[in-house]
Amino acid sequence: MPKSLLALFVLALLPLGGCMQTTLSPSTDASMTARDRQLLAHTPYAQANVPEQYLRHIVDYPRKEQPGTILVDTDARYLYYVLPDGKAIRYGVAVGEEAMAFSGVARVGRLAEWPDWVPTAEIQARLGPYPARVAGGPANPLGARGIYLYVGNKDTLYRIHGTNQPEYIGQAISSGCIRMRNEDVIDLFDRVKLNATVVVLPPGQNARVEAGPSWHG
């Protein structure tokens with residue numbers, strides 16, 4: 001083969017190598033129930049244009065957490081679901097402001113689809129008044145899924161959940177919980193197991209997962 005043709009052949013192969021960056025589909029049809037599709041087709045909020053880095057990716061994951069673990073990098077606004085073989089699914093999230101955010105190690109103590117929201121007394125005092133219970137649905141602040149964080153047998157009152165304000169993904173906002181796009185929390189919900197470990201890093205403790213090339217899984 002002439003050298004010029006060989007060079008062109010090599011250049012043509014470069015996009016297929018490890019530098020190719022592919023974003024997972026914004027919604028996972030296989031994960032959505034008929035109810036999910038119905039409710040998400042008629043959301044009372046505008047669909048936000050979430051920055052590309054906060055969409056769902058599969059990335060290299062050099063840390064030592066076991067597959068099935070959830071890790072939240074508060075500073076970077078990323079949630080990682082750890083996969084085998086040094087990979088993880090990275091999702092963009094909104095986190096709580098520093099004074100209100102949970103950090104530490106917890107476990108998944110409960111999983112709920114389209115959960116009702118029961119505002120705490122603190123939320124009622126700070127943001128209310130709200131009804132004592134808000135039924136699940138697309139207007140509910142907990143969104144499509146709730147992943148409840150427990151320490152031992154005690155509910156921490158912190159959640160990983162969907163949102164009816166997707167425009168805040170990638171930001172730190174007043175609520176202390178960890179918010180995800182509804183499409184993403186549905187995807188995570190179908191992967192995570194009850195009693196799985198959840199590590200939430202405090203502000204200033206970066207996960208040191210570099211934002212390098214990512215691959216479609």
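Me: How much accessible surface does the chain have, and what share of that belongs to carbon and sulfur atoms?
Reply: Bear in mind that this is a predicted model. The accessible surface of the chain adds up to about 11,200 Å². The part belonging to carbon and sulfur atoms is 56%.

Me: And what percentage of the residues is buried?
Reply: To be called buried, a residue needs under 20% relative accessible area. Out of the 217 residues in the chain, the share counted as buried is 44%.

Me: How many helices and strands are there, and what percentage of the contacts between residues at least 6 apart joins residues at least 24 apart?
Reply: The chain holds 4 helices and 12 strands. Take the contacts between residues at least 6 apart in sequence; the share joining residues at least 24 apart is 69%.

Me: Which element gives the most to the largest nonpolar core?
Reply: That core has 32 residues, and Ile70, Leu79, Tyr81, Ile160, Met180 and Leu188 touch the most other members. Elements that each supply at least two residues include β2 (70–73), β3 (78–82), β6 (104–113) and α4 (182–189). The top contributor, with 4 residues, is α4.

Me: Leaving out residues up to four places away in sequence, which residues does Leu188 touch?
Reply: Leu188 is among the core members that touch the most others. With those sequence neighbours set aside, its partners are Ile70, Leu79, Tyr81, Tyr91, Ile147, Ile160 and Met180.

Me: How many residues are in the second, separate core?
Reply: Tyr54, Leu71, Val82 and Ile169 are among its members. The total for this second core is 15 residues.

Me: How far apart in space are Gln66 and Leu83, C-alpha to C-alpha?
Reply: Gln66 sits in the loop between β1 (57–60) and β2, and it counts as exposed because its relative accessibility is 55%, with the cut-off at over 50%. Along the sequence, Gln66 and Leu83 are 17 residues apart. In space, the C-alpha to C-alpha distance is 7.9 Å.

Me: Asp85 has a positive phi although it's not a glycine; is Asp85 buried or exposed?
Reply: Its phi is about 65 degrees, and Asp85 lies in the loop between β3 and β4. Relative accessibility is 77% there, so Asp85 counts as exposed.

Me: Trp114 also has a positive phi without being a glycine; is Trp114 buried or exposed?
Reply: Phi is about 45 degrees for Trp114, which lies in the loop between β6 and α3 (121–127). Its relative accessibility is 4%, and the cut-off for that class is under 20%. Therefore Trp114 counts as buried.

Conventions: Residues are numbered from 1 along each chain as its sequence is written. This is a predicted model: local features need pLDDT of at least 70, side-chain atom pairs count only at pLDDT 80 or more; totals for chains, interfaces and linings use all residues. Side-chain values use heavy atoms; hydrogens and water are left out. Buried means under 20% relative accessible area, exposed over 50%, partly exposed in between (1.4 Å probe, protein chains only). Contact means heavy atoms within 4.5 Å. Accessible areas come from the Shrake-Rupley method with a 1.4 Å probe; for residues, only the protein chains shown count as cover. A nonpolar core is a set of buried Ala, Val, Leu, Ile, Met, Phe, Trp, Tyr and Cys residues joined through side-chain atoms within 4.5 Å.
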